[in-house]
Each structure stands twice: as C-alpha cells, then as structure tokens.
Amino acid sequence: MPDYREANLNDIPQLLELEQRIIDAERPFNSSIKSEKTTYYNLEHLISSDDAYVLVAEASATIVATGYAQIRESKVSFKHDYHSYLGFMFVVPEYRGKGVNQHIIDKLISWSKTRGVTDFYLDVYCQNSAAIKAYEKVGFEPNVIEMKLSVSE
C-alpha cells in the first residue's frame with residue numbers, strides 16, 4: 001500500500017502529469033475541454049495555500065493518487081458558512097479498487113474538520129459511473145446537476 005503525505009512544490013512535475021491523465025479521462029464526458037494541452041488546477045497556489053490541503057499517495061517515490069480539499073465560502077442561503085471542495089481526485093489504475101481513494105477522502109475530511117468544516121462538495125461528470133460509485137461508497141450523494149448549453153452564432 002502507498003504512503004500518504006501532504007504535497008509539496010517539488011511534487012508539481014509529477015502532479016502535472018497526473019492532471020493531464022485526469023483531463024484526458026474527462027474529455028469524452030465534456031466536448032468543451034480544449035483538445036490541446038490544458039490545465040485544471042493552480043497547483044502552486046493550492047500547495048502553498050493555508051485554506052487548501054493537497055494530499056498524495058506515494059509508492060516507490062512515485063505519486064499514485066491525489067486529492068485536495070479547499071475551504072471555500074458557501075452560498076449565503078446555506079446553513080453552513082464554509083465548505084470544503086474536494087478536487088484533483090485521481091488514482092492510477094494499478095491502485096484502484098484497493099481503498100486508496102477512500103483513504104484520501106477520509107484524510108481530506110479529517111483535515112477539514114480540524115478547521116471546523118463539516119460540509120463537502122465535489123464535481124463529477126454524470127456519465128462517469130465508476131467515479132460516482134466510488135464517491136457514493138464514501139457517503140456522497142447526488143446533489144445538483146449542472147446543465148449546459150452551447151449555441152453557435
């Protein structure tokens with residue numbers, strides 16, 4: 001099993017590679033994602049921020065899984081003032097099905113709770129049934145469906 005630790009700035013090259021794997025995996029679910037190389041995350045900011053916790057799972061000096069929790073202000077209509085947004089959730093195929101994702105989520109939730117945050121959100125494509133099952137296994141439930149429309153001129 002991998003070891004878990006907080007990410008540091010030296011991890012960015014490996015994290016950027018994993019980010020591209022996430023983007024490549026999500027392109028079939030969203031035709032709006034650029035076909036050329038692009039990014040989702042400002043990793044340097046996330047790693048350096050007091051309001052975020054980037055976690056990695058490492059085996060033989062290679063990062064095999066990632067995730068982050070970022071404390072964000074909630075909508076004014078919600079009972080909670082702040083929530084943790086979970087993102088950059090990825091496990092390399094060789095480590096899937098071994099509880100790595102659940103362990104990462106548990107650690108992100110624990111970190112958030114030490115900061116008084118008890119509500120959690122994440123985004124997942126509705127067609128990504130494997131990811132949905134993994135999140136439901138940890139206790140997440142579908143909440144809001146984002147609708148999209150693209151119109152040409």
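**Entry: two tyrosines**

I began with the burial of a pair of tyrosines, and I found that Y68 and Y85 are both buried. I note here that the model I am reading is a predicted one.

I then searched the whole structure for aromatic pairs, and the search returned eight. Among them I recorded the pair of Y41 and Y68, which is edge-to-face, with 5.8 Å centre to centre and 85 degrees between the planes. I looked up where each ring sits: Y41 belongs to the loop between α1 (12–26) and α2 (43–48), and Y68 belongs to strand β3 (residues 62–73), so this pair ties together parts that are 27 residues apart in sequence.

I asked whether Y41 is buried or exposed. Its relative accessibility is 18%, and because buried means under 20%, Y41 counts as buried. Y68 has a relative accessibility of 4%, so Y68 counts as buried too.

Y68 has a further partner: with Y85 it forms a tilted aromatic pair, 6.3 Å centre to centre and with 50 degrees between the planes. This pair also links distant parts of the chain, since Y68 lies in strand β3 and Y85 in strand β4 (residues 82–91), 17 residues apart. I therefore asked which residues make up the aromatic cluster. I found that Y40, Y41, Y68, Y85 and F88 form one cluster.

**Entry: charges over rings**

I next looked for charged side chains over aromatic rings. The charged end of R72 sits over the ring of Y85, at 4.1 Å from the centre of that ring. I noted another case in K98, which lies over the face of Y95, 5.4 Å from the ring centre.

**Entry: strand β4 and its neighbours**

As Y85 lies in strand β4, I looked up how this strand is placed. Of the ten residues of β4, nine are buried, so the strand is largely enclosed by the rest of the structure. I asked in which sense β3 and β4 pair, parallel or antiparallel. They pair in the antiparallel sense, over eight bridges. I noted one bridge in particular: Y68 has G87 as its partner in β4. With β5, strand β4 pairs in the parallel sense, over three bridges. There I found L86 standing opposite L122 in β5.

I also examined H83, which lies in strand β4. Its relative accessibility is 11%, so H83 counts as buried. The side chains of H83 and S74 are joined by a polar contact of 2.7 Å. Leaving aside neighbours within four places in sequence, I listed the contacts of H83 as Q70, I71, R72, E73, S74, V117, D119 and Y121.

**Entry: a buried threonine**

I turned to T66, which has its place in strand β3. I recorded a relative accessible area of 0% for T66, which means that T66 is buried. I asked what the side chain of T66 reaches. It reaches the backbone oxygen of F88, at 2.6 Å. Outside its neighbours within four places in sequence, T66 is in contact with L15, L18, L55, V56, F88, M89, F90 and I104.

**Entry: the nonpolar core**

I then looked up the largest nonpolar core, which has 40 residues. The residues with the most contacts inside it are L15, L86, F88, I104 and L108. Each of the following supplies at least two residues of this core: α1, α2, β2 (52–59), β3, β4, α3 (100–113), β5 (120–122) and α4 (129–138). I asked which element gives the largest share. That element is β2, with seven residues.

From those with the most contacts I chose L108. Apart from neighbours within four places in sequence, L108 is in contact with Y53, L55, G67, Y68, A69, L86 and M89. Y68, with which these notes began, is thus among the residues that L108 is in contact with.

**Entry: the loop between β2 and β3**

I closed with two residues that have a positive phi. S60, found in the loop between β2 and β3, has a phi near 50 degrees, a positive value in a residue other than glycine. A61 is found in the loop between β2 and β3 as well, and its phi is near 65 degrees, again positive in a residue other than glycine.

I asked whether S60 is buried or exposed. Its relative accessible area is 75%, and because exposed means over 50%, S60 is exposed. A61 has a relative accessibility of 59%, so A61 counts as exposed.

How values were computed:
Residues are numbered from 1 along each chain as its sequence is written. This is a predicted model: local features need pLDDT of at least 70, side-chain atom pairs count only at pLDDT 80 or more; totals for chains, interfaces and linings use all residues. Side-chain values use heavy atoms; hydrogens and water are left out. Rings of Phe, Tyr and Trp (its six-membered ring) pair if their centres lie within 6.5 Å; planes under 30 degrees apart count as stacked, over 60 as edge-to-face and the rest as tilted. Helices (H or I, at least four residues) and strands (E, at least two) are DSSP runs, numbered from the N terminus. Buried means under 20% relative accessible area, exposed over 50%, partly exposed in between (1.4 Å probe, protein chains only). A charge sits over a ring if NZ of Lys or CZ of Arg is within 6 Å of the ring centre and within 35 degrees of the ring normal. A nonpolar core is a set of buried Ala, Val, Leu, Ile, Met, Phe, Trp, Tyr and Cys residues joined through side-chain atoms within 4.5 Å. Contact means heavy atoms within 4.5 Å. A polar contact is a pair of N or O atoms within 3.5 Å; within protein, one must be able to donate a hydrogen and the other to accept it, and residues adjacent in sequence count only if both atoms are side-chain atoms. Two strands pair if DSSP finds at least two bridges between them.
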